[in-house]
Amino acid sequence: MARETILFDLPAIYPEIPAYRAAVQARNWPAARAIYDGAPSWELRQMLVDDASQLPGVEMFLRDVLTYDPHDPVAATLLGARLVTLGWEARTARRAKYVSERRFAIFHDHLRQAEAVLAPLCERDPVNPPAWRERIKIARGLQLGIDEAHRRYEELSKHVPHYLPAQRSMMQNIHPKWGGSFSLLHSFAATCTEAAPPGANSGLLVVEAHLETYLKLPIREMSAYLESDATKRSMYAAAERSVFHTSFGRTIGWISALSWFALGFTLIKDWPKAKRCFMLLGNYGDDEAWLHGSLGFNARKNFLRARETAMRKG
């Protein structure tokens, strides 16, 4: 039997990503700038930055670009993002008590370098959502506090409201593990969803907030939380405002939004609604959602298993 193709690979969906990556790797900055500047949305530009910021050694090339043109906003944005990536790689995803002082020092040094690049950039070029998103992450890593992270988010929102990548970053800043609370998490998710235009992707924040809460509960309380009327009502309302709204379209991020709702409805065992999400997704999926901690570490297997059950029971 042929192995079914599930497209989790963003470069296969958005050809600008591999083209931008290739231009950066070839040190062809005019070509890279043309692709970035020609991207039709800030969300796609964010994807370009996120992908290229993973390229080993790209920071050296970007410093060369900035030596030639110190005010190139795209090179500065990408350099800042790369430095943040290097910082988090040094820190690792381990809990703080398991991270050495040396690793923390490297982590903080890279974040301070990134802030030194991005802070003056945001003063010169405040309409730069990817730069602000990185600065929200920096506020988290340097433990500048929720108020400062929120200030940065509000500055971004003055120019580009309802910017989902920044909203998702803020969700981490107000998570209990970074000094926030689940109450703040749910309130922020609901506020963003209600404030966004009908059919926007922001509804996925509500699902993420519930699943973050669910994962931190004692095992004996997990099922009861997901099955509660309050959780279900919240998720249903978010879906009707977002992925089930007549205005929902295939804008950048639609796969992620539907994937998170499909996952959420799978976990609460609402198979008709999960089926509806899977029907809209087709063979696309967001592996970040389908690698959720409650499911295991094979995104393709998790996706296919959930979809098969939804199609059969929905």
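# Salt bridges, rings and a pocket

K158 and E155 sit 3 residues apart, about one turn of the helix, and both belong to helix 9 (residues 146-159). What do the two side chains do there? They form a salt bridge, with the closest N and O atoms 2.8 Å apart. Bear in mind as you look that this is a predicted model. The two partners differ in how much of them shows: K158 counts as exposed because its relative accessibility of 60% is over the 50% cut-off, while E155 is partly exposed at 23%.

The general idea is a simple one: side chains of opposite charge can pair when their charged atoms come close. How many salt bridges does the structure hold? The count is 17. Another one to look at joins R33 and D72, where the closest N and O atoms are 3.1 Å apart. R33 lies in helix 3 (residues 29-38) and D72 in the loop between helix 5 (58-68) and helix 6 (73-91), so this bridge ties together parts that are 39 residues apart in sequence. Is D72 buried or exposed? D72 is buried, with a relative accessible area of 5%.

Some of these charges don't stop at a single partner. E115, R135, E148, R151 and R152 are linked in a network of salt bridges, so if you're colouring by charge, that's a group to pick out as one set.

Now move along the chain to D270 and K273. Their side chains meet in a salt bridge too, at 3.8 Å from N to O. D270 is buried, with a relative accessible area of 12%, whereas K273 is partly exposed at 25%. K273 has a second contact to show: which ring does it lie over? K273 lies over the face of Y236, at 4.5 Å from the ring centre.

R276 does something similar with a Phe. It lies over the face of F244, at 3.9 Å from the ring centre. And that ring brings us to the aromatic side of the model, where the count comes to 13 aromatic pairs. A pair of aromatic rings is described by the distance of the centres and the angle of the planes. For F244 and F265 the centres are 6.0 Å apart and the planes are at 10°, so the pair is stacked. Where do the two rings come from? F244 is in the loop between helix 14 (229-241) and helix 15, and F265 is in helix 15, so that the pair links distant parts of the chain, 21 residues apart. Both F244 and F265 are buried.

For a contrast in geometry, turn to W290 and F303. Here the ring centres are 5.6 Å apart and the planes stand at 85°, so the pair is edge-to-face. W290 lies in helix 17 (residues 287-290) and F303 in helix 18 (residues 299-313), so the two rings tie together parts that are 13 residues apart in sequence. How buried are they? W290 has a relative accessible area of 0%, and F303 is likewise buried at 0%. Elsewhere, ring pairs link W88, F104, F107 and W178 into a cluster.

Next, the second largest pocket, which has a volume of about 210 Å³. Its lining includes Y214, I219, M222, L226, E227, L267, K269, W271 and L295. Which helix gives the most to this lining? That would be helix 13, with 5 residues. Helix 13 (219-227) and helix 15 (254-267) each supply at least two residues, and the latter is the helix that holds F265 of the stacked pair. By class, the lining has 8 nonpolar, 2 polar and 2 charged residues.

One of the pocket's lining residues, K269, deserves another look for its backbone. Its phi is near 60°, a positive value in a residue other than glycine. K269 sits in the loop between helix 15 and helix 16 (271-281), and it is exposed, with a relative accessible area of 57%. R27 shows the feature as well: it has a positive phi of about 60° although it is not a glycine. R27 is found in the loop between helix 2 (16-25) and helix 3, and at 48% relative accessibility it counts as partly exposed.

Methods
Residues are numbered from 1 along each chain as its sequence is written. This is a predicted model: local features need pLDDT of at least 70, side-chain atom pairs count only at pLDDT 80 or more; totals for chains, interfaces and linings use all residues. Side-chain values use heavy atoms; hydrogens and water are left out. On a 1 Å grid over the protein atoms alone, a cavity is a set of points where a 1.4 Å probe fits but cannot get out, and a pocket is an open set with protein on both sides within 12 Å along at least five of seven lines; lining residues have an atom within 4 Å of a point. Grid points are joined across faces, edges and corners, and a volume is the space filled by probe spheres set on the points. Helices (H or I, at least four residues) and strands (E, at least two) are DSSP runs, numbered from the N terminus. Ala, Val, Leu, Ile, Met, Phe, Trp, Tyr, Cys and Pro count as nonpolar, Asp, Glu, Lys and Arg as charged, and the others, Gly among them, as polar. A salt bridge is a side-chain nitrogen of Lys or Arg within 4 Å of a carboxyl oxygen of Asp or Glu. Buried means under 20% relative accessible area, exposed over 50%, partly exposed in between (1.4 Å probe, protein chains only). Rings of Phe, Tyr and Trp (its six-membered ring) pair if their centres lie within 6.5 Å; planes under 30 degrees apart count as stacked, over 60 as edge-to-face and the rest as tilted. A charge sits over a ring if NZ of Lys or CZ of Arg is within 6 Å of the ring centre and within 35 degrees of the ring normal.
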